[in-house]
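Student: Please choose one part of this model and take me closely through how it is put together. I would like a single connected account, with a word on how far the prediction can be read.

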Amino acid sequence: MKTNDFKFIDLFSGLGGFHVALNRLGGTCVFASEWKDNLRELYKSNFGIMPEGDITKVTPSSIPDHNLLTAGFPCQPFSKAGEQLGFECTAQGNLFFNVSEILDTKKPDYFILENVPNLLKHDNGRTWQRIQEILGTGKDGLGYYISATKLSPHNFGIPQIRERVYIVGSKIPLENFSWPEKTNQITSISSILDDAPEDAKQLSAQVKECLETWDRFLKACPPEVEPPWFPLWSMEWGADYPFEDETPYAIQALQGTDALDSYRGSHGIDLGSIISATDKWQALPSHARSKVMKFPKWKKDFIRLNRSFYAENKYWLERWIPLILKFPSSLQKLEWNVKGEERDIWKYVIQFRASGVRVKRRTTAPSLIAMTDTQVPIIAWQKRYMTPTECARLQSLEELHYLPSSPTQAFKALGNAVNSNVVELVAKALLSTAP
């Protein structure tokens, strides 16, 4: 097989990141699948191919012969951010088996799969072990030699930290295969930004006020006090509910709601002063309302660190805390990922996540996810959100003629896309092993 003359199929095609990459290498797409109608139409506009819909309704034998199968199969069942149901997720987790069925039927020379890094650790490694057994050269496997590694665009000069696991398979041994060498060159998000683009969404009044409030926190922090590396959970500043050996849920379950009356909840609110059991529960930090008998170690560590920080800095924090109370819980948390840099929140790249307000250096953008409008990275020095065009550059998809017309749909699709430059490097390395 010539590396500049091969046929491939594009499963779970989305915006077509695999297609863009493999077209550059001279490949011809003979089949694609995508279950979202708007993305199917967009794929046809960009590539001239209408993808099939639901892959579970496609008969594998009807798929044209091909040399290379590609699939960024749904990652939600394996993501740390989800419930991690894996193969037990009946909606998406079992779609891997549709991929393996196509491999079994069509027997292409190669495959490239992409997913979240947690796939390798999911279910204590048993999910990854099962995948290898299904695809591999063992007694009951499909006969592919397999290799996997984690790669991120920033490893190759693209200003985005977005680690993903890539899995390659070959019908011939991978003795001559090497993963692309990481350059790890210094990157800057400025390289993909437009100067004050007219279509950029501006910051809402609430977002501006929230960032101004956290900037006041940074300015109030004494010079000799380094803003902590760990997530700042302001609702823990003044709280004293038990968390080490038991949880508020455990206390309520075993002793009743009134057993919390002697404690303080979010920002030091006296739980005993609240009559309603529902209101009392809501007065606890959201992370403390988990219905578990014990908190995981990481949560206990963060609670402990935040309470220690408060105890050591109470004299100036108490003057600042009233400013943050008006905001929802997710905006009352800060991740200051620019340790040692100037304490000016307007000089960095910011992203609002469920875990808090995340502040990062200008070297890279936050990881693009299947974003809502409020999770789009903020270019703070221009007081605006990134545009879909700029996010497409982060995914190396700037050559696409069409993106979803709705910014909301565009951001979500880009967050689900594969980075075409990374795919191209992986595919080039894999196809070069062809005899």
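Tutor: Two strands are taken to pair if DSSP finds at least two bridges between them, and that criterion underlies the sheet examined here. The model is predicted, and its chain has an average pLDDT of 90, with 94% of the residues scoring at least 70. An exception to keep in mind is the stretch of residues 75–92, where the pLDDT is below 50 although the model gives this stretch 40 contacts beyond near neighbours in sequence. Where pLDDT is low, the predicted coordinates should not be read in detail.

The sheet itself is open and has 6 strands in the order E7-E8-E10-E9-E11-E12, with mixed pairing. Its edges are formed by strand E7 (232–233) and strand E12 (384–385), each of which pairs on one side only.

Within that order, strand E10 (residues 356–360) is a good place to begin: 5 of its 5 residues are buried, so E10 is largely enclosed by the rest of the structure. Towards strand E8 (residues 333–336), E10 runs parallel, and 3 bridges join the two strands; in this pairing glutamate 335 has arginine 358 of E10 as its bridge partner. Towards E9, by contrast, E10 pairs in the antiparallel sense, over 5 bridges, and here valine 349 stands opposite lysine 360 of E10. The link from E9 to E10 is a hairpin through 2 residues.

Moving on from E10, strand E9 (residues 349–353) also pairs with strand E11 (residues 378–379), again in the antiparallel sense but over 2 bridges. Isoleucine 350 finds its bridge partner there in isoleucine 378 of E11.

The edge strand E12 (384–385) brings the account to a side-chain interaction, since arginine 384 is joined to glutamate 390 by a polar contact of 2.9 Å between their side chains. Glutamate 390 belongs to helix H9 (residues 388–394), and its relative accessibility is 0%, which is why it counts as buried; the cut-off for that label is under 20% relative accessible area. Apart from neighbours within four places in sequence, glutamate 390 is in contact with Ile192, Leu193, Asp194 and Pro197 as well as with Arg384. This acidic residue of H9 thus touches both a residue of the sheet's edge strand and residues from the 192–197 part of the chain.

Definitions and conventions:
Residues numbered from 1 in each chain as written. Predicted model: local features only at pLDDT ≥ 70, side-chain atom pairs only at ≥ 80, totals over all residues. Heavy atoms only, no water. Helix = DSSP H or I, 4+ residues; strand = E, 2+ residues; numbered from the N terminus. pLDDT = per-residue confidence, 0-100. Contact = heavy atoms within 4.5 Å. Buried < 20%, exposed > 50% of the residue type's maximum accessible area, 1.4 Å probe, protein only. Polar contact = N/O pair within 3.5 Å; in protein donor to acceptor, adjacent residues only side chain to side chain.
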